[in-house]
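Subject: The structure I mentioned

Hi,

Here is the structure I said I would pass on. Have a look at it first, and then read my notes below.

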Amino acid sequence: MDMRYTPTQEAANWAETLIHSRRTTLPKRLVGPGPDPGQRQKILSAAAAAPDHDQILPWRLVEITTEQRPHLAQAFCAALLERDPQATADEQQMARDKAYRSPWLLLAVLQKALPGHDVPDAERLISAGAAIQNMLLQATAMGLGSGLTSGKALQSAAIRQLFRLRDHEEAVCFVSIGHIAEERRPRPRPAIDAFFSRL
Ligand SMILES: Cc1cc2nc3c(=O)[nH]c(=O)nc-3n(C[C@H](O)[C@H](O)[C@H](O)COP(=O)(O)O)c2cc1C
């Protein structure tokens, strides 16, 4: 998509507001409907606008459709039992429930460097992170809530099998997008001094 941006003060102010008003809404505070097909298209296109050294596309996104949620629930439960074979029935149910919370649920998968590949894992992860942030900002711009979740299940054999991850692939996080049921207080942001210095 070839879009040109004409800088204006109004547009700059708008972008600043958008960036600073993005905040996490965790899946349990999201409700349906998820984004409509047009919105999904825009959110996915936003991911494609991320920086990508050598255009290698070192990440991919997998939507977990409604029909597949029971399989994800099963994988979450299996992942829990991999870590803790003594997990109670309640704990297993809680693990299963997590599969159903998010109206639109995607898994972000990183493709790590194989021998002979020039672009190192750190750059690949930055590209994935930029793609994800683009999606979060696009969702925010459309009035949708969004959040990232991870957790130990992502490293489990059950999740790796369900998503058919190849040896050099890693599940990075889930991206959840939907309507906001309950707004959270904004998180205090770090002061610039905390991350910026001059050489
Ligand atoms: C890759 C990634 C995974 C995350 N996973 C979780 C998670 O599983 N649970 C959680 O409560 N927060 C998680 N977070 C943190 C929140 O998404 C959020 O960024 C943080 O609470 C700060 O809030 P804000 O996004 O509103 O500034 C994750 C963040 C990142 C970058």
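Before anything else, a word on names: helices (H or I, at least four residues) and strands (E, at least two) are DSSP runs, numbered from the N terminus. Also keep in mind that this is a predicted model.

**Two loops with something odd in the backbone**

With those names in hand, start at P33, which sits in the loop between β1 (30-31) and α2. The peptide bond joining G32 and P33 is cis, with omega at about 0 degrees.

Then move on to the loop between α2 and β2 (59-63), where you will find D54. D54 is not a glycine, yet its phi is positive, at about 70 degrees. Is D54 buried or exposed? It has 10 C-beta neighbours inside 10 Å, so D54 counts as exposed.

L57 also lies in the loop between α2 and β2. L57 has a positive phi too, near 45 degrees, and again this is a residue other than glycine. L57 has 13 C-beta neighbours inside 10 Å and therefore counts as partly exposed.

**Around the ligand**

Which residues are around the ligand? They are R23, T24, L26, G147, L148, T149, S150, G151, C173 and R187. Strand β4 (residues 145-149) gives the most to this shell, with 3 residues. Sorted by class, the shell has 3 nonpolar, 5 polar and 2 charged residues.

R23 deserves a second look. You can find R23 in the loop between α1 and β1. With 16 other C-beta atoms within 10 Å, R23 is partly exposed. If you leave out residues up to four places away in sequence, R23 touches R184, P186 and R187; R187 is also among the residues around the ligand. For a sense of scale, R23 and Q111 are 88 residues apart in sequence, and their C-alpha atoms are 27 Å apart in space.

Back in strand β4, there is G145. G145 has 26 C-beta neighbours inside 10 Å, so G145 counts as buried. Setting aside neighbours within four places in sequence, G145 is in contact with T25, L30, G178, H179 and I180. G145 and I159 are 14 residues apart along the chain, and 25 Å separates their C-alpha atoms.

**The nonpolar core**

A bit of background here: in soluble globular proteins, nonpolar side chains tend to be buried together. In this model, the largest nonpolar core has 33 residues. The ones with the most contacts inside this core are F76, L106, A108, I132, M135, I159 and V175. The elements that give two or more residues to this core are α2 (37-48), α3 (69-83), β3 (104-111), α5, α6 (157-162) and β5 (169-180). Which element gives the most? That is β3, with 7 residues.

To see how one of these residues connects, try I132. Not counting its neighbours within four places in sequence, I132 is in contact with A108, L148 and V175. L148 turns up in the list of residues around the ligand as well.

**How α1 and α5 meet**

Two packed helices are described by the angle between their axes and the distance between the axes. The axes of helix α1 (residues 9-21) and helix α5 (residues 121-141) come within 9 Å and cross at roughly 110 degrees. Angles of 65 to 115 degrees count as roughly perpendicular, which makes α1 roughly perpendicular to α5. On the α1 side the contact is made by L18, I19 and S21, and on the α5 side by L137, T140 and A141. By class, this contact has 4 nonpolar, 2 polar and no charged residues.

Elsewhere in helix α5 is L125. L125 has 16 other C-beta atoms within 10 Å, so it is partly exposed. L125 and V109 are 16 residues apart along the chain, with their C-alpha atoms separated by 9.7 Å.

**One last stop**

Finally, look at the segment after β5, where E182 has its place. E182 counts as exposed because it has 11 C-beta neighbours inside 10 Å. E182 and A153 are 29 residues apart in sequence, and 26 Å apart in space from C-alpha to C-alpha.

Cheers

Conventions:
Residues numbered from 1 in each chain as written. Predicted model: local features only at pLDDT ≥ 70, side-chain atom pairs only at ≥ 80, totals over all residues. Near = placed C-beta within 6 Å. Nonpolar A, V, L, I, M, F, W, Y, C, P; charged D, E, K, R; others polar. Axes fitted to C-alpha atoms, helices over the stretch in contact; angles between N-to-C directions. Parallel < 35°, antiparallel > 145°, perpendicular 65-115°, else oblique. Contact = placed C-beta atoms within 7 Å. Core = buried A, V, L, I, M, F, W, Y, C linked by C-beta atoms within 7 Å. Buried ≥ 20, exposed ≤ 12 C-beta atoms within 10 Å, placed from the backbone.
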